[in-house]
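Here's a quick walk through one protein model, written for someone who'd rather look at it than read tables. Keep the viewer open and follow along.

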Amino acid sequence: MGDLVVGIDVGTHKICTLVGEVRPEDIYVVGLGIEPSAGMKKGVVNDVNALSAAIGKSVRKAEKSSGYDINRAFVSVAGSHISSLTSRGITTIVGPRSVQAEDLEKAMAVARGIAIPHNREVLHVVPRSYTLDGQEGIRSPIGMHCFRLEVDAHIITASTTSLANLEDAVETAGVLVDRFILNPLAAGDAVLTSHERDMGAVIIDIGGGTTDLAIFIDGTVWHTAIIPVGGNHVTQDITYWMRVPFELAEQVKMQRGHADMDAVAESEVFPVEPFGGDILQVKRRDLAMVIEARFEEIFDLAEKEIKRSGYAGLLRAGAVITGGSSQLPGYRELASRILNVPVRLAQPEKITGIADTLKNPSYSTSVGLLRLGLEMDSMTEKETSDNAGLPVSRWGRVMNDFLRRFLPQDD
């Protein structure tokens with residue numbers, strides 16, 4: 001499809017398929033398909049057939065709006081099966097020469113070659129920093145001279161069976177998976193500024209089934225985590241409390257909800273019809289109490305994860321919060337109080353075309369997934385062959401572009 005690339009954001013709450021054109025100043029969206037999700041729980045597939053049907057409907061909508069047949073896509077992935085660790089790769093530079101791209105690839109290959117359980121596989125390997133002959137903190141070593149090159153890499157792994165089930169669901173819908181991309185990496189790409197990446201920031205993407213977290217420092221990813229609690233848990237709390245269907249609880253949450261009980265007047269009430277059929281007058285302040293309690297749990301878990309990473313003191317730019325469950329009033333103040341850092345609410349920017357719907361925190365992962373896909377997929381004529389003049393496989397080019405995308409760059 002030329003300069004077009006496809007991304008499928010597979011979430012617990014919704015499936016979003018985007019078709020976009022790469023342009024220097026923005027992303028021009030030419031196709032969009034949004035469908036309620038099915039067969040997913042907390043980011044993990046629990047019904048392949050139901051999920052495949054939902055993905056198929058989303059893809060067909062995107063095909064209809066774009067006028068293109070979709071047969072390949074970059075696909076988002078999250079879930080409690082995701083984990084991460086740090087690894088170090090070392091290689092030597094033979095001869096009196098400077099560091100070349102192939103040297104970085106060798107060091108990254110060594111870092112990737114760690115022992116992991118047979119039921120897990122490496123999803124991403126992201127370089128954090130380099131050491132040249134003992135000199136630490138090198139951000140871009142290409143062109144520099146040394147004898148010993150070391151890379152400090154962040155490695156993200158996933159359950160092999162979880163990825164296989166998700167891939168089966170996508171391929172049953174008639175689409176091949178070009179590559180899985182972790183949700184918080186995509187969301188961070190969509191909403192973080194370069195200054196936030198450099199100064200240190202945590203992106204917290206609160207979706208329906210999970211809360212996805214990634215810490216960026218010195219321009220690259222230092223830590224990632226998936227918390228198995230999200231906006232659907234808030235809605236479930238409301239269903240138990242009000243005894244109403246899930247769909248009505250979601251509607252009440254979005255229309256009447258507030259994340260700060262003290263900011264709601266005691267006198268505010270609204271009507272609700274529970275399962276019994278008798279209309280009740282519900283205090284909005286009581287609803288806010290239920291919502292605030294669950295969001296406090298989410299941010300407490302996020303704070304514990306940030307502290308566990310060891311990088312809490314390096315987040316000078318604070319927290320950037322996005323995702324479909326981040327839109328309630330009082331949310332930013334609650335997050336700032338618990339996390340004890342500056343907090344900014346964010347949504348995707350620099351998107352045009354049929355993109356009005358996408359300018360919403362709900363679609364940060366969707367748009368970021370497309371942006372990463374565009375970066376991976378866009379190649380210059382020079383990048384289509386290696387040093388020997390032989391064609392480079394598309395998969396190899398995707399890997400090289402992905403590493404280049406997250407490789408720290410000097411200002």
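What follows covers a sheet, the helices around it and the nonpolar cores of this predicted model.

## The sheet

Start with the open sheet: six strands, lined up as β11-β6-β1-β2-β3-β19, with mixed pairing. At the edges sit β11 (176-182) and β19 (351-353), each of which pairs on one side only. Going from one strand to the next, the twist averages 35°.

If you want a spot to zoom in on, try β1 (residues 4-10) and β6 (residues 72-77), which pair in the parallel sense over two bridges. Click on G7 and you'll find its bridge partner in β6, F74. As a reminder, strands of a sheet pair through backbone hydrogen bonds, either parallel or antiparallel.

## Helices on the sheet

Helix α1 (residues 48-66) packs on this sheet and touches β1, β2 (14-22) and β3 (27-36). The direction of α1 makes about 145° with that of β3.

Helix α4 (residues 183-191) takes another spot, lying across β6 and β11. Against β11, α4 runs at about 75°.

## A closer look at α3

Does the length of α3 add up, and what span should its 13 residues give? At 1.5 Å a residue, helix α3 (residues 160-172) should span 18 Å, and its end C-alpha atoms are indeed 18 Å apart, so the two agree.

Now for the sides of α3. Its buried residues are S162, L163, L166, A169 and V170. They cover an arc of only 125° around the axis, so they end up on the same side of α3. Turn to the face pointing away from that buried side and you'll meet the exposed residues T161 and T172. Just after α3 comes G174, with a positive phi of about 90°.

## The nonpolar cores

In soluble globular proteins, nonpolar side chains tend to be buried together. Here the largest nonpolar core has 47 residues, and those with the most contacts inside it are I8, V10, L51, I55 and L166. Helix α1 gives the most to this core, with five residues.

L51 is a nice one to click on. Leaving aside residues up to four places away in sequence, L51 touches V10, I15, S37, A38, G39, M40, V45, L166 and A169. Two of those contacts, L166 and A169, are also among the buried residues of α3.

There's also a second, separate core of 40 residues, including I206, I217, A225 and M242.

How values were computed: Residues are numbered from 1 along each chain as its sequence is written. This is a predicted model: local features need pLDDT of at least 70, side-chain atom pairs count only at pLDDT 80 or more; totals for chains, interfaces and linings use all residues. Side-chain values use heavy atoms; hydrogens and water are left out. Two strands pair if DSSP finds at least two bridges between them. Helices (H or I, at least four residues) and strands (E, at least two) are DSSP runs, numbered from the N terminus. Axes are lines fitted to C-alpha atoms, for helices over the stretch in contact, and angles run from 0 to 180 degrees between N-to-C directions. Contact means heavy atoms within 4.5 Å. The expected span of a helix is 1.5 Å times one less than its number of residues. Buried means under 20% relative accessible area, exposed over 50%, partly exposed in between (1.4 Å probe, protein chains only). The arc is that of the directions from the helix axis to the C-beta atoms. A nonpolar core is a set of buried Ala, Val, Leu, Ile, Met, Phe, Trp, Tyr and Cys residues joined through side-chain atoms within 4.5 Å.
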